[in-house]
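Let's take a friendly tour of a protein chain, looking at how charged side chains pair up and how one helix sits among its neighbours. Have the structure open as you read.

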Amino acid sequence: MPDLSNFFQPKSIAVIGASEREGSMGAVVMQNLRESQYPHPLYAVNTKGYASVFGYPAFRYVREIRDPVDLAVICLPPESLMRVLRQLGRVGIRAAIILTGGLSRRQALGTARNDRILSLARELNIRILGPNCLGILVPDEHLNASFAHLNALPGQSAYVGHSSSLGSALLDWAGARGIGFSHFLTVGSSADLRISDIVDHLSTDRRVRSILIHLEHIRDANRLLIALRAAARSKKVLAIRTQARRSVPPGLVDRRPVDDEYFNRAGVLQVDSADGLFSGLEVLSRARPLHRANLAIVSNGLGTAMLASQQLQALGGELAHIEDHKTRLPTLWYAEETGYNPAILPPEATGQAYLDVLKVLERDPAIGGILVIHSPNRRSDSTEVARHLQPYIKRSRRMFLTCFMGGVSIVEARKQFDKSGLLNFDSPNDAVEAFFTVARHELAQERLRETPSSTSLGFTPDRQQGQDLFRQIDDQNRRYFTWAEARALMRLYGFTLVDSTFGVDFDQVVQRLTPRYFPASLRLVHEAYCYPFAYNEAPAERWRGVRIELADEAALREARQSLAAEKAEQFPNSRTLGWGVQPMRRKIDHLQFSLGMTRDDDYGPLIVFGEGGSRADMLADRQVALPPLNSSLARQMIMRSHGYQVLAERSEDLEQDVTQLVRALKAMSQMVIDWPQLAGLEANVLLQPGEGLLVIGVAACIGEPQRPALNPYPSELIETVTLGNDQSVTLRPIRGEDEPQLKTFYGRFDAESLRLRFFGSRLHFEHRELATLCQIDYRREMVFVALSKRTIVGEMRLWTDVNTNEMEFAIMVESAFQGTGLGSRLMQKTLDYAAVQKVARVVADVLPENTPMLMLGRRFGFKAHHEQDGTVRLILTLNTPVAQS
């Protein structure tokens, strides 16, 4: 994670292009910094030779500033950028904001210039925010290094987005409503720093309670997802997405479910509007935890209650079942009509009458949220009802929402709830939508806690067979799998395929047939057919090149003639590859499903599932999920589909049938993880009650390798070892939830041991640092921990430098386990891992007085190099077998 302190807590700032010219960007930035009462040195830089700018010292060139500068804010024309950046590099300035606009008005030009800016930034070791960004506002630091027309009010929510215009409008909108921010910035076209970098920084800042994000483009879905997941573990994160070009992945008709899946797996609540960002934030900030996604409604009127009930149904929500409590509930009106939910009290119901119902419902753990609606009338005093309910709801740990409808009569009642920070709404519809906001966020949090592994099939597919298969396709300069290759890939992952025979020569195919093939289906296989999702927006109208229910050889030959004629008309330029024959396996109780994978331009590989068959509207039912999947995620995906509703009606053993589908989706997920060059796969499968799952058709293709957006937890690296003291310990990669244990682990070391490990005096570790140490990407960073009885007793931390192909390590073993061989076990695991990652060298920087570390390195063949800064660099080149202790 980059150190961004020079951007958010700069101790000195130089504004390049500063002036007092009315309306100029340099003038606006200087005025904003002055009005925000920036407390540290501020310098103006302008070649016109001003003595001062708005009372601040001015210089012709940045090199004339004698004191260190933490942050440069560039307000110059685009043609000056490269020259100025080189000047900043020469004087040692390591952080710069480029407010300069006009770099991305034409996409090709903007991309090329951004690439040059990034290349120069890397060369000069400068981190850059922008270009085309609004700047940075941090009220607590009295920092307004931006050209915003308003300053931000202080608050506990951070905002980061791409668009300066939207950011400026949101700042104005929030200011009018008294909404404040801990941080407010936009990244513009983000030549260097991206939103993922900013989110990484904000996620470890305790002052930040929530993060609001606007996304236009996603360049590295994997990197952003890692940052979002880390932030969503401890903060409320809401996102809004806008796109100039909304590409839809092959096999889908709408990309909204793809966006939803991405943000759900990140634990982020996606909203549709700017207003939704702040209203969603307010609801999440006030809401109690929601443990069930259902709602109980209590009202003193049927009409108002039905407004809420109908809105809940329209949104696809669930009413809680409360009829079991009818003997403990007071007399309710319309109970038979409503099934006790909504629970309708008489119009004259008092506050105590409401409490009598709420106390019964609150004790039921199967009830999620409770909505209380009150309509004013002559026989019921709204203020009196609120006076009874407010302290009770305030003390409760359950999620309550209240709606006091009306205007004149309910002012005091609403004030009581608002002062207590409770969820209070003007209408039943608003209350139900707020309930859904919380429910959606809770669902995202559940998806966040799912950590699928990369090996969850119960068996390991033969990788050599898979490599031979993909190599054969690549060697023949093809992108599609043939009939035989696609079926071989499916068998490799445990799928059972319907009996079939295939050949180029039709007569030879017929000669191989036996009576068990009849009645048969005949398929004409041509190149276009070999690609998945090769149909228009109406899959049922697709020319499938197949004839079914063929009773004998004569029927086969007749079908061949008609298929050949139709193919010549439909696909005249698609080369015929051969003929496939399968026995008919359809029965009245069989159900077809479509499953496979596709790719999205932003998010990479996606698993797809839904109802299948020629009569099904597959595109309408197709569900999407990011790989990897575990059983829980696969089951959720299945249950969202219309195909599941049909299965639930017709299955004699629903659990067994769903288990079959779950196993198939997990296998498909593992296939995607194993073969990043797999670009698309569509399989039509038959679910046979009592017989299992049967693949009756499959098409697949390859493309450029593409990794999934979500890194799987590498469970294949978990192992249990026995140490020299006969104790067993588990070695595994670290998890995000290990933070408390890691803090305890570090707390068992004395100051000297921590100095040897961290190269400085250490006694305390704050949440910000611990979160960073635990929430890793399992890609460039890997951490192995050793656990004895679920307690961390050792740690090996690894960083890979992709530029030098080196892996750096640091190790700690608590005193009780030193001398047991644990350090050697961790070192061996590291070297085995490094060999698999194909790094060239493993290195470590060690203080010369750290004798145990130096001895460990010597045992494993490391060479010691004494550096000029007084440290010792251990280096092991991995071109020979690793020496073991």
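Start with Arg732, which is buried, with a relative accessible area of 9%. Keep in mind that this is a predicted model. Arg732 has a partner: Asp738 forms a salt bridge with it, the closest N and O atoms being 2.9 Å apart. Asp738 counts as buried because its relative accessibility is 3%, and buried means under 20%.

Now for the wider picture. How many salt bridges does the structure hold? There are 43. Here are three of them:

| Acidic residue | Basic residue | N to O distance |
|---|---|---|
| Asp738 | Arg732 | 2.9 Å |
| Asp272 | Arg256 | 2.5 Å |
| Glu527 | Arg575 | 3.1 Å |

Asp272 lies in the loop between β14 and α9, while Arg256 belongs to helix α8, so their bridge ties together parts that are 16 residues apart in sequence. Asp272 is exposed, at 60% relative accessible area, whereas Arg256 is partly exposed, at 26%.

Glu527 and Arg575 also link distant parts of the chain, 48 residues apart. Glu527 sits in the loop between β21 and β22, and Arg575 in the loop between α19 and β23. With 23% relative accessibility, Glu527 counts as partly exposed.

Salt bridges can also join into a network, as they do among Arg241, Arg255, Asp259, Asp600 and Asp602.

Finally, look at helix α12, residues 351-362. At 1.5 Å a residue, its 12 residues should span 16 Å, and its end C-alpha atoms are indeed 16 Å apart. Its buried residues include Tyr354, Leu358 and Leu361. The buried residues of α12 pack against β15, β17, α13 and β18.

Notes:
Residues numbered from 1 in each chain as written. Predicted model: local features only at pLDDT ≥ 70, side-chain atom pairs only at ≥ 80, totals over all residues. Heavy atoms only, no water. Helix = DSSP H or I, 4+ residues; strand = E, 2+ residues; numbered from the N terminus. Expected span 1.5 Å × (residues − 1). Buried < 20%, exposed > 50% of the residue type's maximum accessible area, 1.4 Å probe, protein only. Contact = heavy atoms within 4.5 Å. Salt bridge = Lys/Arg side-chain N within 4 Å of Asp/Glu carboxyl O.
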